[in-house]
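Trainee: Could you take me through how strand pairing and helix packing are read from a model, and then how its domains meet?

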Amino acid sequence: MHMHIVTTHKNTDFDALASVIAGTLFYPGAVGVIPSSVNRNVDQFLSTHKSAFNLIGPEDVDFEAINRLTVVDTNHWYRLDRMEKLRGRDGLHIDLWDHHMTTRGDISGDLEYREQIGATISLFMREMPQEHLRNLSPLESTVFLIGLYEDTGHLTFPTTTPDDARAAALLLEHGADLNVARFFLNPPYEKGQKDAFFKMMQATRRITIHGHSVGFHRISMRSKVPELAEVVSLCRQVMGVEAIFGIYDLGNYHTIIGRSTVEAIDIGKILGELGGGGHPGAGSASVKNESTTPKESEKNIESLLLHNTASQITIASIMSSPVISVPPDTTMEKVKRIMDKQGVRGLPVMEGKRICGIIVLSDLKRVKKTKQWQAPVKAFMTRDITTTTPDASPMQVARIIIDREIGYLPVIEKGEVLGIVSRTDLLGWFYHMQPESLATELKKNAVPSLT
Ligand SMILES: [Mn+2]
């Protein structure tokens, strides 16, 4: 008797459940083994849908018969439920399907499907043979889509890849039910979670690190709150911060939960430094209070954030320099000529080394009478100028440009103009395009919105 099982990590989430089910389709004859502790929404789902799938618990596994093991959505032995006895077994063939790339665990597969992708289920969807895909039922498609949406934040986390979106499209084609998906993705909150949420909202302080808004809170808890991470995500959304770190003191130890929506703040990497782990968008860590107090952990995260993003790109590497400028007495005719010749849409007006105004292409439209072309630029320039510093992040600058609806932002250090950032420079950076291809792109399409 030979047996092939497909299993996943404890505290099973929907991506893990979906991947186990997909494993039983990918490997006909394999049996799915679901750990006894699963996330609350997965538990709700299984209580009504379990019989529809070929799933058993670890207590039902005949370990003697197993000659093949497929592990999905983790690469650590300790995260599996009661699988230790298989570890190191002679002749055991292991397949590994995982997308946790920041941590290399101790499970190595004879065959490995490991890559940076939003969800493990997307890997299965991409690798699944056509004949299996054709038979995909609406129910299977629905579970798969829930897993995919949960791990990619409905395809919005920065880890989301085109393969994830393609997988979502395939699943919708196969009848994935969005009403069912919505129900399980947004389970109603319990009293303990609501209380925790209000405490978080009161305790969260926001800071800005390298242009990104980050929320922090430290809360003492008498007991664990189920699905606390979901509540943390909600708190992040409501607070309107790009990333959040919650520290929950449970007496002997504290749990840290992090969530991020920006690439610059990699939660898995930061919490990995504190002994935890996760994805760029989500992760957690558990720290003993006798080694590090909750307050020290908070300080550690803050300094990691400062340090981690210090090497990030700054506006200095995006800005255009050297800057072409004009003195305040330059005639408007000459300003127009310089703009035409240099192909720029804005010029700083400089009095010696000091910037005293800015003139942009649209200001030229205010020249109505011919003789006004002989008027000095100082009569038409904007005097109220917004500036930035060379260490600002592209996001910070984008926010200024959007909020104040300006197209040009001088970059100033110690009173001196080092460069100028235009909307085009920023778009080029955001869309990773070279200036030439960007120009063609802009001519072809409407300018994409930065927000
Ligand atoms: Mn996953």
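Trainee: Which residue of β2 is the bridge partner of Thr 7?

Mentor: Strands of a sheet pair through backbone hydrogen bonds, either parallel or antiparallel. In this predicted model, where local features need pLDDT of at least 70 and side-chain atom pairs count only at pLDDT 80 or more, while totals for chains, interfaces and linings use all residues, the partner of Thr 7 in β2 is Val 33. Residues are numbered from 1 along each chain as its sequence is written. Strand β1 (residues 3-8) runs parallel to β2 (residues 31-33), joined by three bridges; two strands pair if DSSP finds at least two bridges between them, and strands (E, at least two residues) and helices (H or I, at least four) are DSSP runs, numbered from the N terminus.

Trainee: What is the strand order of the open sheet, and why do β3 and β6 each have one side without a neighbour?

Mentor: The six strands follow the order β3-β2-β1-β4-β5-β6, with parallel pairing. Because β3 (55-56) and β6 (111-114) stand at the edges, each has a single partner strand.

Trainee: Which strands does helix α1 lie across?

Mentor: Helix α1 (residues 14-26) lies across β1, β2, β4 (66-72) and β5 (93-98), at about 160° to β1, where angles run from 0 to 180 degrees between N-to-C directions and axes are lines fitted to C-alpha atoms, for helices over the stretch in contact. Helix α3 (residues 120-127) touches β4, β5 and β6, its direction making about 110° with that of β5; contact requires C-beta atoms, placed from the backbone, within 7 Å.

Trainee: How many residues does each of domain 1 and domain 2 give to their contact?

Mentor: The domain assignment, automatic or from a database, gives domain 1 (3-185), domain 2 (191-308) and domain 3 (316-444). The contact takes nine residues from domain 1 and 11 residues from domain 2.

Definitions and conventions:
Two residues are in contact if their C-beta atoms, placed from the backbone, lie within 7 Å.
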